[in-house]
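Please read the following account alongside the sequence and the coordinates, moving from single residues to the chain as a whole.

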Amino acid sequence: MNRTAVITGASSGIGLELAGLMAFDRIDLVLASRNREKLETIRDNLTKKYGIKVKIIQIDLSDEASPDKLFDEVKKSGLQIDYLINNAGFGDYGFFIDSDPDKLSRMIDLNIKTLTRLTRLFAPLMVLQGRGAIMNVASTAAFQPGPLMAVYYATKAYVLSFSQALAKELEGSGVTVTALCPGATDTGFKSAANLEGSKLFAGKRIASALDVARYGYKAMLKGKRIAVHGIINSLLVFSVRLMPSSLVTDFVMKIQGRRKAE
Ligand SMILES: NC(=O)c1ccc[n+]([C@@H]2O[C@H](COP(=O)([O-])OP(=O)(O)OC[C@H]3O[C@@H](n4cnc5c(N)ncnc54)[C@H](OP(=O)(O)O)[C@@H]3O)[C@@H](O)[C@H]2O)c1
């Protein structure tokens, strides 16, 4: 029997590349995002190319009821899930006091609440099976506070902390938890987060979504708990631990570029 993976946010970027890599390994897929058309095209391409089964679920995962809906659909289809990839997420660039409060709430709902509830729903079944792997897509943003993206950084700090704690609790169960921590990556994230004006993505070598997905996928298969993509990102994450916190916030504010409040 083929193994099966649930991937949230599989319509573009890192999630889409993960879907391709897993399909290549003949893993059946459940792909979720809001964009049905994109999901249908991806399903058609992957089934044709690799002969796997792909179920698509069009869903807004920032809705409170969405994790249970997704879980129920998977159960109704009689699928046994071996991999859960909590990848869907977005950020928002700018001063907190100028931000759209509804967008911030949706970000917290998607990046934190849905990720947690999906994990709570699927993890016990994996433990019963005695095997499984969960990948939670965090970020290098998880390792320090992030002025100009304050809420986004805080959501990713949650994802990292939660993933590490759960990995410990599940030790010996056959189920692993990996927090994938990409740095700046060339995906739809930049425009979704209004980051075009930020220095964060300007003039740097930005990682490709495929490289990040490949790295994260391998790390998950090895059961690695924290997977920071790239040597420079790993050095930054390490050096931040040695810096006083006021220096860290100065540094992040600088690399993200200041924008005057209107
Ligand atoms: N790119 C970076 O620089 C970077 C760095 C560190 C971490 N990350 C993290 O990597 C993950 C993947 O992002 P990406 O970079 O690949 O960006 P992306 O290309 O914008 O992909 C985001 C995915 O999430 C889905 N999504 C967004 N909101 C959703 C919602 N409400 N309900 C369901 N699906 C939703 C999108 O699909 P639909 O639009 O079809 O719904 C899309 O498939 C995110 O968690 C992000 O925080 C990205």
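N194 is found in the loop that runs between α6 (189-192) and β8 (207-208), in what is a predicted model. Although N194 is not a glycine, its phi is positive, at about 55 degrees. With a relative accessible area of 38%, N194 is partly exposed, because a residue is called buried under 20% and exposed over 50%, with partly exposed in between.

A positive phi is also found at L148, another residue other than glycine, where the angle is near 85 degrees. L148 sits in the loop between β5 and α5 (150-169). Its relative accessibility is 5%, so L148 counts as buried. The two loop residues can thus be read side by side: N194 is partly exposed, whereas L148 is buried.

The strand that precedes the loop of L148 is β5, which covers residues 132-137 and includes V137. What is the relative accessibility of V137, and does that make the residue buried or exposed? The value is 5%, and V137 therefore counts as buried. Once its neighbours within four places in sequence are set aside, V137 is in contact with N86, N87, K156, V159, L180 and P182. Of these partners, N86 belongs to strand β4, which spans residues 83-86, while K156 and V159 fall within α5, which spans residues 150-169. V137 can also be related to I14: the two residues are 123 residues apart in sequence, yet their C-alpha atoms are 9.3 Å apart in space.

I14 appears again in the surroundings of T185, a residue of strand β7 (residues 185-186). Not counting residues up to four places away in sequence, T185 touches I14, F201, I206, A207, S208, A209 and V212. Within this list, A207 and S208 make up the range given for β8 (207-208), and A209 and V212 lie in α7 (209-222). The relative accessible area of T185 is 6%, so this residue is buried. The side chain of T185 also has a polar partner in the backbone, since one of its polar atoms lies 2.7 Å from the backbone oxygen of G183, a distance that falls within the 3.5 Å used for a polar contact.

A similar pairing of side chain and backbone oxygen is found at S99, which is placed in the loop between β4 (83-86) and α4 (101-129). Here a polar atom of the S99 side chain lies 2.5 Å from the backbone oxygen of F96. Apart from neighbours within four places in sequence, S99 is in contact with D92 and L104, and L104 lies within the range of α4 (101-129).

R225 offers a polar contact between two side chains. This residue lies in the loop between α7 (209-222) and β9 (226-228), and its side chain makes a polar contact with the side chain of E171 at 2.7 Å. E171 is also one of the residues that R225 touches beyond four places in sequence, the others being A167, K168, V177, T178 and A179. A167 and K168 are residues of α5 (150-169). S163 is likewise within the range of α5 (150-169), and R225 and S163 are 62 residues apart in sequence but 7.7 Å apart in space, C-alpha to C-alpha. At 32% relative accessibility, R225 counts as partly exposed.

E64 gives a contrasting case, in the loop between β3 (54-58) and α3 (66-76). Its relative accessibility is 70%, and E64 therefore counts as exposed. E64 and I232 are 168 residues apart in sequence, and their C-alpha atoms are 37 Å apart in space.

The chain as a whole can now be considered. Its secondary structure comes to 9 helices and 9 strands, and its C-alpha trace spans about 55 × 40 × 35 Å along the principal axes. For 262 residues, a compact globule would have a radius of gyration near 18 Å, and because the protein has 18 Å, the two agree. Buried residues make up 50% of the 262 residues. Among contacts with a separation of 6 or more, 71% are between residues 24 or more positions apart.

The surface and the charges complete the picture. The protein exposes about 13100 Å², of which carbon and sulfur atoms supply 54%. There are 35 positive and 25 negative charges, and their mean positions are 6 Å apart.

Key: Residues numbered from 1 in each chain as written. Predicted model: local features only at pLDDT ≥ 70, side-chain atom pairs only at ≥ 80, totals over all residues. Heavy atoms only, no water. Helix = DSSP H or I, 4+ residues; strand = E, 2+ residues; numbered from the N terminus. Rg over C-alpha atoms; globule rule 2.2 N^0.38 Å. Buried < 20%, exposed > 50% of the residue type's maximum accessible area, 1.4 Å probe, protein only. Contact = heavy atoms within 4.5 Å. Areas by Shrake-Rupley, 256 points an atom, 1.4 Å probe, with all protein chains shown as cover. Lys, Arg positive; Asp, Glu negative; His and termini not counted. Charge placed at Lys NZ, Arg CZ, Asp CG, Glu CD. Polar contact = N/O pair within 3.5 Å; in protein donor to acceptor, adjacent residues only side chain to side chain.
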